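Biologist: I am new to this structure. Please take one part of the chain and go through it closely.

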Amino acid sequence: MNAAQLQHLKLWFAGKSKNWELAAFELRQLTDSLAQAAVFYPGIPVSNVTTLKDPLLSIADAIDAGDGRRFTASMRALTHGCNACHISLERSFIAIGLPTDQPPPANQIFAPTGKAPKK
């Protein structure tokens, strides 16, 4: 699940930077991680995983359309679904939120290729 949290973070920054190609990649990575979590953690009810389907599809649609507003709204819904799953598993102490607008210290460039920030 740590991978899923990192992918959620990277998906957010890719979408906010309008790097839709990177956002699509991170969404695939996140979707795969959530599917793997359902296998590796058998205590997760199937309904917890399937309730994330709509937000994930909505994010995919927003990415395909290059729609930043819909992307943000869909990410909020996904984040809410993740936290609802944690609560249902009595792990409410694991709470995630949408990242702040300041990128984390990292070596990833989120701007689309050719639009890297100048030093």
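Modeller: What follows is a close look at helix α4, with a short turn to α1. This is a predicted model, in which local features need pLDDT of at least 70 and side-chain atom pairs count only at pLDDT 80 or more, while totals for chains, interfaces and linings use all residues. Residues are numbered from 1 along each chain as its sequence is written, and side-chain values use heavy atoms, with hydrogens and water left out.

Helices here are DSSP runs (H or I, at least four residues), numbered from the N terminus. Helix α4 covers residues 53-65. Its 13 residues should span 18 Å at 1.5 Å a residue, and its end C-alpha atoms are 18 Å apart, so the two agree; the expected span is 1.5 Å times one less than the number of residues.

Pro55, Leu56, Ile59, Ala62 and Ile63 of α4 are buried (under 20% relative accessible area, with exposed meaning over 50%, for a 1.4 Å probe and protein chains only). Seen down the axis of α4, these buried residues fall within an arc of 120°, so they line one face of the helix; the arc is taken from the directions from the helix axis to the C-beta atoms. An α-helix has 3.6 residues a turn, so residues three or four places apart point the same way. On the face of α4 turned away from the buried side are the exposed residues Lys53, Asp54, Asp64 and Ala65.

The buried residues of α4 pack against α1 (2-16), α2 (20-40) and α5 (68-88), where contact means heavy atoms within 4.5 Å. In turn, the cover over the buried residues of α1 includes α2, α4 and α5. Among those buried residues of α1 are Leu11, Trp12 and Phe13. Just after α4, Gly66 has a positive phi of about 65°.

Definitions and conventions: Helix = DSSP H or I, 4+ residues; strand = E, 2+ residues; numbered from the N terminus.
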